[in-house]
Amino acid sequence: MDANQPKQEHLLALKVMRLTKPTLFTNIPVTCEERDLPGNLLNQLMKDDPSTVKGAETLMLGEMLTLPQNFGNIFLGETFSSYISVHNDSNQVVKDILVKADLQTSSQRLNLSASSAAVAELKSDCCIDDVIHHEVKEIGTHILVCAVSYTTQTGEKMYFRKFFKFQVLKPLDVKTKFYNAETDEVFLEAQIQNITTSPMFMEKVSLEPSIMYNVAELNTVNKAGESVSTFGSRTYLQPMDTRQYLYCLKPKQEFAEKAGVIKGVTVIGKLDIVWKTNLGERGRLQTSQLQRMAPGYGDVRLSLETIPDTVNLEEPFDITCKITNCSSERTMDLVLEMCNTNSIHWCGVSGRQLGKLHPSSSLHLALTLLSSVQGLQVRDITV
């Protein structure tokens with residue numbers, strides 16, 4: 001083709017529009033006092049304005065809906081929806097029309113077209129419409145590539161593409177903290193911050209535990225026999241606000257008996273977060289597998305199974321200890337040594353043999369003590 005020849009105009013026109021929900025119409029109230037020059041004119045105009053709320057004309061928020069005026073923001077976890085229309089602007093019939101929509105991210109290219117079949121023909125002033133949906137799972141630049149190919153009446157094959165670039169933003173900032181209890185329980189604190197510019201309704205924040213744990217949510221209180229959220233009945237999260245969620249993970253029975261297995265577990269589970277914004281737009285995020293620092297127990301671990309909250313002065317009381325061999329290879333010979341203090345005294349024989357403890361096994365030991373001083377006491381046990 002000669003470079004000086006004019007570029008051939010296409011017979012088809014492509015339009016791409018993002019599908020979003022409308023927003024509530026806002027107006028700027030303009031009023032004055034009756035003694036001012038306009039008198040009651042401005043107040044009357046606001047009352048006659050159909051976009052204002054009757055009886056509350058000075059409020060900026062109205063009852064009418066307005067269509068989006070721009071592309072808007074797209075956040076990670078939301079569903080991107082777009083309307084694609086190919087219109088025949090010519091006065092001739094176009095054949096074999098194929099519309100393809102791909103979404104290019106930094107890591108992959110996805111085909112979003114509802115159908116891969118070509119349309120046999122498209123008459124003049126007719127159009128082909130398609131709606132695409134995609135749950136956004138990556139942050140950063142996204143490019144919607146729309147390609148149209150067709151054949152003219154003369155048999156010439158035509159092809160053109162259009163590119164639409166948009167950014168995907170991060171809606172939430174999630175931080176986690178782990179607390180390892182002596183009883184093999186793990187407490188997870190999840191701090192969730194809304195970093196968007198609009199309020200969020202937190203529909204669900206749950207923890208999906210790993211295969212070795214059961215989880216209990218600690219975000220409700222019992223009132224009159226019903227579980228009530230600690231955040232109230234309307235769990236809205238305002239922009240830049242942070243909320244703390246707490247969970248308790250307990251090892252399942254079959255794993256709790258294997259001290260060596262629980263000792264090395266670092267994967268706890270993942271958070272599942274669901275929210276809604278504005279007029280019900282839904283978003284969902286799942287974190288990657290959360291990992292904790294495995295506690296270091298050493299070869300032998302001793303934990304208190306039962307101990308009374310309060311005891312009487314100079315009266316014996318019983319406690320139960322659990323001794324675990326955390327080694328996976330060595331059998332241990334255990335000796336119990338009792339050391340008295342000025343306030344706590346042992347009732348029993350010190351230096352006695354407890355026998356052999358095989359790898360990854362435990363034994364329970366009942367002991368008796370006596371307190372000679374009032375107040376909070378601390379007691380050391382050496383195995």
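This is a guided tour of a predicted model, from the whole chain down to single residues.

**Whole chain**

Start with the full chain in cartoon view. It has three helices and 28 strands. The radius of gyration is 35 Å, well over the 21 Å that the globule rule gives for 383 residues, so the chain is more spread out than a compact globule. Turn the C-alpha trace along its principal axes: the spans are about 105 × 75 × 40 Å. Colour by accessibility next. Of the 383 residues, 34% count as buried. Now consider contacts between residues at least 6 apart in sequence: 69% of them join residues at least 24 apart.

**Domains**

Colour by the domain assignment. Domain 1 takes 12-20 + 69-167, domain 2 takes 172-294, and domain 3 takes 300-371. Note that domain 1 is written as two segments. Place a marker at the C-alpha centre of domain 1 and another at that of domain 2; 39 Å separate them. Where these two domains touch, domain 1 supplies six residues and domain 2 supplies seven residues.

**The largest nonpolar core**

Show side chains as sticks. The largest nonpolar core has 48 residues. Which of them touch the most other members? Select L12, I97, L144, V148, Y150 and M202. Then select strand β6, residues 94-104: with five residues, β6 gives the most to this core. The core draws on both domain 1 and domain 2, with at least three residues from each.

Zoom in on L12. Leave out residues up to four places away in sequence. L12 then touches V86, H87, N88, V94, I97, L122, V148, Y150 and F160. Among these contacts, I97, V148 and Y150 are also on the list of residues that touch the most other core members.

Elsewhere there is a second, separate core of 16 residues. Select F317, I323, M332 and I344, which are included in it.

**The sheet β12-β13-β19-β15**

Go to domain 2, residues 172-294. Show the four strands of an open sheet, in the order β12-β13-β19-β15. Their pairing is antiparallel. Which strands are at the edges? They are β12 (172-180) and β15 (213-217), and each pairs on one side only. From one strand to the next, the twist averages 25°.

Follow one pair in detail. β15 runs antiparallel to β19 (residues 242-251), and five bridges join the two. Pick V215, then look across to β19: the bridge partner is L249.

**The sheet β23-β24-β28-β26**

Move to domain 3, residues 300-371. Another open sheet has four strands, ordered β23-β24-β28-β26, with antiparallel pairing. Its edge strands are β23 (300-306) and β26 (344-346), each paired on one side only. Neighbouring strands here are turned by 40° against each other on average, direction ignored.

Select β26 and β28 (residues 362-371). They pair in the antiparallel sense over three bridges. Click W346; its bridge partner in β28 is L369.

**Two positive phi angles**

Select D125. It is not a glycine, yet its phi is positive, at about 65°. Where does D125 lie? It lies in the loop between β8 (119-122) and β9 (127-135). With a relative accessible area of 58%, above the 50% cut-off, D125 is exposed.

Next select M240. Its phi is also positive, near 70°, and M240 is a residue other than glycine. The residue is found in the loop between β18 (236-237) and β19. Is M240 exposed, partly exposed or buried? Its relative accessible area is 48%, so M240 is partly exposed.

**A buried loop residue**

Finish at S51. This residue lies in the loop between α1 (41-48) and β3 (61-66). Is S51 buried or exposed? Its relative accessibility is 7%, so S51 counts as buried, the cut-off being under 20%.

Now show what surrounds S51. Leaving aside neighbours within four places in sequence, S51 is in contact with F25, N27, G62, E63 and M64. Draw a distance from S51 to F25, C-alpha to C-alpha. The two are 7.3 Å apart in space, although 26 residues apart in sequence.

Methods
Residues are numbered from 1 along each chain as its sequence is written. This is a predicted model: local features need pLDDT of at least 70, side-chain atom pairs count only at pLDDT 80 or more; totals for chains, interfaces and linings use all residues. Side-chain values use heavy atoms; hydrogens and water are left out. Two strands pair if DSSP finds at least two bridges between them. Axes are lines fitted to C-alpha atoms, for helices over the stretch in contact, and angles run from 0 to 180 degrees between N-to-C directions. A nonpolar core is a set of buried Ala, Val, Leu, Ile, Met, Phe, Trp, Tyr and Cys residues joined through side-chain atoms within 4.5 Å. Buried means under 20% relative accessible area, exposed over 50%, partly exposed in between (1.4 Å probe, protein chains only). Domain bounds come from an automatic or database domain assignment. Contact means heavy atoms within 4.5 Å. The radius of gyration is taken over C-alpha atoms; the globule rule is 2.2 Å times the number of residues to the power 0.38.
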